[in-house]
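Please look at the sequence and the predicted model shown below. The paragraphs that follow lead from one strand to the sheet around it, and then to selected loops and helices.

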Amino acid sequence: MLAVSVFVSGRGSNLKSILESPKLQELIEVKAVVSDKHFCPAFELAREYSVPIYSVGKKDGFVSFEELEKTLKDLKVGLIVLAGFLKLIPDHFVSSFKNKIINIHPALLPSFGGSGMYGMNVHKTVFESSAQVSGATVHFVDESYDTGKIIAQRCVDISDVKSPEEIAERVLKIEHQILPFVIEKIALGKIFVEQNRVRFET
């Protein structure tokens, strides 16, 4: 089974979609849930599933990224999933897990990405742009915000929405579908990077 660590900052709805996926239960084991907060709502979900939790950062009681790197390697983690994790991952950590860190972004990259573009900030910008479609993107993580190779995207029609909150609700449903799908493909060894593009094997 593929050992996975999930990084979160909020309530953990994407973490829940991973833990509750029938297909993933046969393919992966979530070995650690990590947050940039000490009191993260998603930690309650992790505790329900008896998954060890870690708070990463520079505050008292937090582990450093250097310590976390060692811990995840000791756990033989082969995939790190950023599921609403809001902090930029240090370069040394990204390099240590090259092409083993993925992120889900609540818009269609490369549009509506970058520093500060997270959560409702994204949906407000999409709404104010009058874009007619939005969606979710899963991509590999590199040293910058939202610039890694795109693995998969799904679209949703937002032509009739009246608020950013409506966009958020529709996109979240897509996120809960696409993230477990990509993790499944990675666990099965069916995702490859060739000629600067990501390819799926059916």
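In this predicted model, Phe7 of strand S1 stands opposite Leu82 in strand S4. The two strands S1 and S4 run parallel and are joined by 4 bridges. S1 has a further parallel partner, strand S2, to which 7 bridges join it; within that pairing, Val6 stands opposite Val33.

Strands of a sheet pair through backbone hydrogen bonds, in either a parallel or an antiparallel manner. In a regular strand, the side chains alternate between the two faces of the sheet. Strand S1 may be read with this in mind: Leu2, Val4, Val6 and Val8 point one way, while Ala3, Ser5 and Phe7 point the other way. How many of the residues of S1 are buried? The count is 7 of 7, and the strand is mostly covered.

The sheet as a whole is open and contains 7 strands, in the order S3-S2-S1-S4-S5-S6-S7, with mixed pairing. Strand S3 (53–55) and strand S7 (150–157) stand at the edges; each has a single partner strand, and therefore one side of each is left without a neighbour in the sheet. From one strand to the next, the twist averages 20°. On the other side of S1 from S2 in the strand order comes S4. Strand S4 (residues 79–82) pairs with strand S5 (residues 101–105) in the parallel sense over 3 bridges, and Val81 has Ile102 of S5 as its bridge partner. Helix H4 (residues 65–74) lies across S1, S2, S3 and S4, and runs at about 155° to S1.

The loop between S1 and helix H1 (13–19) contains Ser9. Is this serine, Ser9, buried or exposed? Ser9 has a relative accessible area of 2%, and because buried means under 20%, Ser9 is classed as buried. Among the residues that Ser9 touches are Ser35, Asp36, Cys40 and Phe85. Leu86 is also in contact with Ser9, and a polar atom of the Ser9 side chain lies 3.1 Å from the backbone nitrogen of Leu86.

A second loop, between S5 and helix H6, holds Leu109. Leu109 is buried as well, with a relative accessible area of 6%. Its contacts, leaving aside residues up to four places away in sequence, are Thr137, His139, Asp146, Ile150 and Gln153. Leu109 and Gly78 are 31 residues apart in sequence, and their C-alpha atoms are 25 Å apart in space.

The account now turns to a pair of helices. Two packed helices are described by the angle between their axes and the distance between those axes. Helix H6 (residues 119–129) and helix H7 (residues 164–187) pack at an angle of about 115°, with axes 8 Å apart, and their crossing is right-handed. From H6, the contact is made by Met120, His123, Lys124, Val126 and Phe127; from H7, by Pro164, Glu165, Ile167, Ala168 and Val171. By class, these comprise 7 nonpolar, 1 polar and 2 charged residues.

Helix H7 also contains Glu184. This residue, Glu184, is buried, with a relative accessible area of 16%. Glu184 touches Lys23, Leu24 and Leu27, not counting residues up to four places away in sequence. Between Glu184 and Lys162, which are 22 residues apart along the chain, the C-alpha atoms are separated by 34 Å.

How values were computed
Residues are numbered from 1 along each chain as its sequence is written. This is a predicted model: local features need pLDDT of at least 70, side-chain atom pairs count only at pLDDT 80 or more; totals for chains, interfaces and linings use all residues. Side-chain values use heavy atoms; hydrogens and water are left out. Two strands pair if DSSP finds at least two bridges between them. Axes are lines fitted to C-alpha atoms, for helices over the stretch in contact, and angles run from 0 to 180 degrees between N-to-C directions. Contact means heavy atoms within 4.5 Å. Buried means under 20% relative accessible area, exposed over 50%, partly exposed in between (1.4 Å probe, protein chains only). A polar contact is a pair of N or O atoms within 3.5 Å; within protein, one must be able to donate a hydrogen and the other to accept it, and residues adjacent in sequence count only if both atoms are side-chain atoms. A crossing is left-handed if the near helix is turned anticlockwise from the far one by less than a right angle, and right-handed if clockwise. Ala, Val, Leu, Ile, Met, Phe, Trp, Tyr, Cys and Pro count as nonpolar, Asp, Glu, Lys and Arg as charged, and the others, Gly among them, as polar.
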